[in-house]
Amino acid sequence: MTLSEEPKRRRYLLLDSRIVEGVQNAELALGTVKKHDGNPLFGEDKPWERRFDNLYANIIYDDEEGTYKCWYSPFIVDNSSLGMTLQQRKEVKYRAPRNREMAICYATSKDGLAWSKPEQGLVEYKGSKANNILWRGVDNAIPGGPHGSGILRDLRDPDPDRRYKAFLKSKILSVAFSADGIHWGPAIACPAANSAGDTHNNAFWAPTLGRYVGITRTWSKSFTRQVARTSSDDFLNWEKTHLVLEGLDGNQQTYAMPVFFHGGVYLGLVAIHDQETDRVWAELAWSPDTREWHRVLPGTPLIPNDGSEGDYDWGCVYPAACPVFLKDEIRLYYGGSDGFHTSWRNGFLCLATLRPDGFAGYRALDMTRPALVATTPILDGNGPLRVSADIAAGGKLVVRVLDGEQVLAASEPLTNTVSDADVQWLDDSALHGFGPNSARLEFALQDATIYSFSVGAA
């Protein structure tokens, strides 16, 4: 898909290589995440939370209720690591029980930081319904429970009984519907998708395609994990899945990839499982159309592991679906665990944050020389231009509008970190009257990182 085929676009992330025409002394770098001081936000603190494993969290902010909502998938029948020392973990090999069972649980928060697990009284666990379990296998005839559930709130759907949607594995890849996100109808199998579905399945409305897209898993003939894609007009009938992304080799495998639309592109948070170290971290990928994917700096984590063995995310990082966008930050929730992927480990809900639009941006390679980033012709003469950039003390960012090699206008230097800041022109008299897609932008960087720009109405 070309830019001209997309719906009207106003925000541009510079990680989108289609809009970058030329670069001098600059490189694309991942943004810097900050892990929350209060991590972990919650752990396996209920008797039925035997093992979070990968958590498979789905988090939204419901602005109608003023509440953060989290659907997550612990194993409620499993062997637990709670109370084990690191030495005990090494002495006793972890083995999942044959009757291992996953469930969907529910948590809420007013600020996205302090979470509660309200009792729902819906599902029985060891003789009691005093728990926050929404769905388990024995109540829904799903052996092993609902696995890898992706849950979304879909305000587009006119049917109130389909306001919440689940994309999950029962026996095979399936869907389910709910009016409130709490009470769910039965799993409806999607045999045409023909997917293993043994991952964090996730689905979303793709605005540039006018369809629902589902992201799931396939396996290669050599048993290597692969990211697969399917799509649907109605969320019921899904086309056959096909491969869209895999690791660069058989060691670092693509385990799961929650996907979301932002800034005119689709972004994927890829969980990479290193087979040799048996650890998992999160990387960044982008796509113009959900079919063609580009990894941003493969091998370099966006959300890295930290600390030492036994710390809350030393072993594994599994991104939640999907980020929560606030005015001053992007919240990247994730499931962290303190041990190896296939061994004993305790799991947690964790939080990392990014600056607005801060997924990746251009910065100077050599700080002693000017750095320039030029776009393709995309600018028209309507509306203000805004930029988002980190600018260090003593640094600056200058924006120029180019017609061929001619400079039509140059901005006043920006000398402080900004988010969606209006560009002030020294002289904008030449900026009126030219047609769409007829002028380019050039960003001159000095000790600065430019992430995005927007044109016209905010």
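## A walk through a strand-rich chain

Let's start at T67, which sits in strand β7, the run covering residues 67–72. Keep in mind throughout that this is a predicted model. T67 has a relative accessible area of 10%, so it counts as buried, the cut-off being under 20%. Who keeps it company? Setting aside anything within four places in sequence, T67 is in contact with I60, Y61 and D62, and also with T108, S109 and K110. There is a C-alpha distance to go with that second group of partners: T67 and G112 are 45 residues apart along the chain, and their C-alpha atoms are separated by 8.1 Å.

Now zoom out. The protein chain has two helices and 34 strands, so β7 is one of a long list of strands. Along the principal axes, the C-alpha trace spans about 75 × 50 × 45 Å. A compact globule of 458 residues would have a radius of gyration near 23 Å, and the protein chain has 23 Å, so the two agree. Of the 458 residues, 58% are buried. If you take the contacts with a separation of 6 or more, 62% of them are between residues 24 or more positions apart.

The surface and the charges are quick to sum up. The accessible surface comes to about 18800 Å², and carbon and sulfur atoms account for 49% of that. The chain carries 48 positive and 58 negative charges, and the mean positions of the two sets are 5 Å apart.

Next, the interior. The largest nonpolar core has 33 residues, and those with the most contacts inside it are V387, L397, V399, F443, L445, I450 and F453. Which elements give two or more residues to this core? They are β29 (360–364), β30 (371–375), β31 (385–403), β32 (406–410), β33 (418–422) and β34 (440–455). I450 makes a handy example of the wiring: leaving out residues up to four places away in sequence, I450 touches V387, L397, F443 and L445, along with G361, Y362, S388 and A389. Its list of partners also includes L14, from far back in the numbering.

There is a second, separate core of 26 residues, and L30, I303, A352 and L354 are among its members. L354 is worth a stop. It belongs to strand β28, and at 2% relative accessibility it counts as buried. Not counting residues up to four places away in sequence, L354 touches G31, T32 and V33, then E329, I330 and L332, and finally F359. For a sense of scale, L354 and A166 are 188 residues apart along the chain, with their C-alpha atoms separated by 27 Å.

Step one residue on and you reach R355, in the loop between β28 (347–354) and β29. Is this arginine buried or exposed? With a relative accessible area of 14%, R355 is buried. Beyond its neighbours within four places in sequence, R355 is in contact with I330, S388, A389, D390, T417, V418, S419 and Y451. I330 appears among the contacts of L354 too, while S388 and A389 are also touched by I450.

That loop between β28 and β29 holds D357 as well. D357 has a positive phi of about 60° although it is not a glycine, and it is buried, with a relative accessible area of 5%. F223 also has a positive phi, of about 65°, without being a glycine. F223 lies in the loop between β17 (211–219) and β18 (225–232), and at 64% relative accessibility it counts as exposed.

Backbone fans will want the cis peptide bonds too. One runs from N39 to P40, with omega near -10°, and P40 is in the loop between β4 (34–35) and β5 (42–43). Another runs from A321 to C322, with omega near -5°; here no proline follows the bond, since the second residue is C322. C322 is in the loop between β25 (316–319) and β26 (324–325).

Let's finish at E405, in the loop between β31 and β32. Its relative accessible area is 72%, so E405 counts as exposed. Both of the strands around that loop give residues to the largest core. E405 and R440 are 35 residues apart along the chain, and their C-alpha atoms are separated by 9.6 Å.

Note on methods:
Residues numbered from 1 in each chain as written. Predicted model: local features only at pLDDT ≥ 70, side-chain atom pairs only at ≥ 80, totals over all residues. Heavy atoms only, no water. Helix = DSSP H or I, 4+ residues; strand = E, 2+ residues; numbered from the N terminus. Rg over C-alpha atoms; globule rule 2.2 N^0.38 Å. Buried < 20%, exposed > 50% of the residue type's maximum accessible area, 1.4 Å probe, protein only. Contact = heavy atoms within 4.5 Å. Areas by Shrake-Rupley, 256 points an atom, 1.4 Å probe, with all protein chains shown as cover. Lys, Arg positive; Asp, Glu negative; His and termini not counted. Charge placed at Lys NZ, Arg CZ, Asp CG, Glu CD. Core = buried A, V, L, I, M, F, W, Y, C linked by side-chain atoms within 4.5 Å.
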